[in-house]
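Work through the exercises below with the model open. Try each task before reading its solution.

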Amino acid sequence: MRVLIGGIQHETNTFSNIKTTESSFRQWGWDIGDVILENNRGVRTFLGGMIDEAERLGIEIIPTFATFAYPSGVITTETYHALVNTLLSEIKKASDYDAVVLSLHGAGVAQNTEDLEGTILAEVRKLIGDHIPLIITLDLHANMTQKMVELADAILGNHLYPNTDSYEIGEESIRLAQRIVKGEVKPTMFLKRLPMIIPTSTTNLSPAKDVNQLCYKWEEHEEVIDCTFYHGFPYTNISELGVAVLVTTNNHVDLAKEIAEDVGQFIAERKKEFFKPLPSPKEGIEQALVHDGKPVVINETSDNPGGGTPGDGTYLLRAMLESQLTDACFGYIYDPEVVDIAIKAGVGSTINIALGGKTDDLHGEPIQMEAYVKTITDGKFIQTSEMWKGKLVDLGPSVRLQSNGVDIIVCSVKSQTLDDQIFKLHGIDIQEYKIVALKSSQHFRAGFESISSKIISVDSPGLTTMDFTRFDYTNLKIDVYPLHSVAVK
């Protein structure tokens, strides 16, 4: 058996003023052919799971094209064509394959299409025909569309957020492809979309945890292949976005619909539980200081680069500097200009800088400060978090500054913080600090929950704030909760 694999992944925050270009993708990998195998074998990603499982089962993998861009603004039309044309070109080079398995995201938006994944699937289907099974994996923040369901033979998505199960989903996609080719199953999907959007909600805690438990219970049914709760990605100004449930059975459409309606109703009844008030940065610091234990991790959810923000927001860092802390570190803020200044000055120098706040006016103004240059590194390390463990991370030239009692890591590549490796790289043992601050919404939990005394999420103005009323949704086809008073059912 021969299976084509590949992938195009982007989570698009349409409210960002930073367009996503081909260079945005090339920065994180523009892999063709065997390079995909080299970069993903043994790594806990969707593609890593696909490759390892295929090799275990004796299935021949034909790698095509795989790329990923860090979440940002709308993908340009030129970039869209470069992505799709490269994927199609590589697929055309292959012959005598039995199935196609692609790693997509589900929340991609380009200037020429608000349903990137549905449009990609249409192009791929046109090329391979209707007889070749087409299976895709998606992030649970996918804004699911009926077009995706109609064009794919099967769709498998993350159950967990943080996405610590991507590898296992990748494995499952290969096993399912094999079963389809052998004629053992005929996947039948039913999509239930709900008129609601929710904040980024970790599946470690209720109510998302409870929804997953119901999905798992239904998956015990012998005719159920998959039952997934898609949270949707709320930071997109498109016509169709929000929560969805996708159920896949073995040729039992009525059963798929029954299950999707049941899980959908369960979510609807708990809609208010997803919205929990968060403290401001100042309030979060005050809570951390009275907590008995360390380290206390404070995550700045409103400036989460993993959701398309600039990563140079200053609200939390400014509050820390103004709080006269003596036992705190911040890892990290994105500011290549400051990194360059620090490197030129050298370790042991004192520099006067304007840190952060350079991308837009939403995430806070630059911080005028004097700082001591403590360390300089290349920003490279191997990820240890259970999410994407084994992946090579390159945050570019990076520095550790010290100012007003706070150790501040500054990097030249934008990313959320997923584990403590960037701290270790700069000689910081977070166990020795009272407050450890970082930019992320939920993914950081996979690397920090087991080594922190307490986690405090703080919110402020930003492109990933939990306050959806700050955004102007002008393209919605229907009213959605909580933006409108609607019955969710």
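**Exercise 1. Cysteines**

How many disulfides does the count come to? Then examine Cys227 and Cys329.

Solution. Keep in mind that this is a predicted model.

Step 1. Apply the cut-off: a disulfide needs two cysteine sulfur atoms within 2.5 Å. The count comes to zero disulfides.

Step 2. Take Cys227. Its nearest cysteine sulfur belongs to Cys215 and is 3.5 Å away. Cys227 is in no disulfide.

Step 3. Take Cys329. The closest cysteine sulfur is that of Cys411, at 13 Å, which is too far for a bond.

Step 4. Check accessibility. Buried means under 20% relative accessible area. Cys227 has 0% relative accessibility, so Cys227 counts as buried. Cys329 is also at 0%, so Cys329 counts as buried.

**Exercise 2. A helix pair**

Describe how helix α10 packs with helix α11. Which residues meet, and of what class are they?

Solution.

Step 1. Locate the helices. α10 covers residues 281–290, and α11 covers residues 315–322.

Step 2. Read the geometry. The helices pack at an angle of about 50°, and their axes are 9 Å apart. That angle makes α10 oblique to α11.

Step 3. Assign the hand. The crossing of α10 past α11 is right-handed.

Step 4. List the contacts. From α10 come Pro281, Lys282 and Ile285. They meet Tyr315, Leu316, Ala319 and Met320 in α11.

Step 5. Sort by class. The contact has six nonpolar residues, one charged residue and no polar residues.

**Exercise 3. Two loop residues**

Place Asn17 and Thr314 in their loops. Is each buried, partly exposed or exposed? What does each touch beyond its sequence neighbours?

Solution.

Step 1. Place Asn17. Asn17 sits in the loop between β1 (2–9) and α1 (22–28).

Step 2. Classify Asn17. Its relative accessible area is 46%, so Asn17 is partly exposed.

Step 3. Find its partners. With residues up to four places away in sequence left out, Asn17 touches Thr359 and Asp360. Asn17 and Thr359 are 342 residues apart along the chain, yet their C-alpha atoms are separated by 8.6 Å.

Step 4. Place Thr314. Thr314 lies in the loop between β10 (296–300) and α11.

Step 5. Classify Thr314. Its relative accessible area is 0%, so Thr314 is buried.

Step 6. Find its partners. Not counting neighbours within four places in sequence, Thr314 is in contact with Ile333, Leu355, Gly356, Gly357, His363, Gly364, Glu365 and Ile367.

Terms used:
Residues numbered from 1 in each chain as written. Predicted model: local features only at pLDDT ≥ 70, side-chain atom pairs only at ≥ 80, totals over all residues. Heavy atoms only, no water. Axes fitted to C-alpha atoms, helices over the stretch in contact; angles between N-to-C directions. Helix = DSSP H or I, 4+ residues; strand = E, 2+ residues; numbered from the N terminus. Parallel < 35°, antiparallel > 145°, perpendicular 65-115°, else oblique. Left-handed = near helix turned anticlockwise from the far one by under 90°. Contact = heavy atoms within 4.5 Å. Nonpolar A, V, L, I, M, F, W, Y, C, P; charged D, E, K, R; others polar. Buried < 20%, exposed > 50% of the residue type's maximum accessible area, 1.4 Å probe, protein only.
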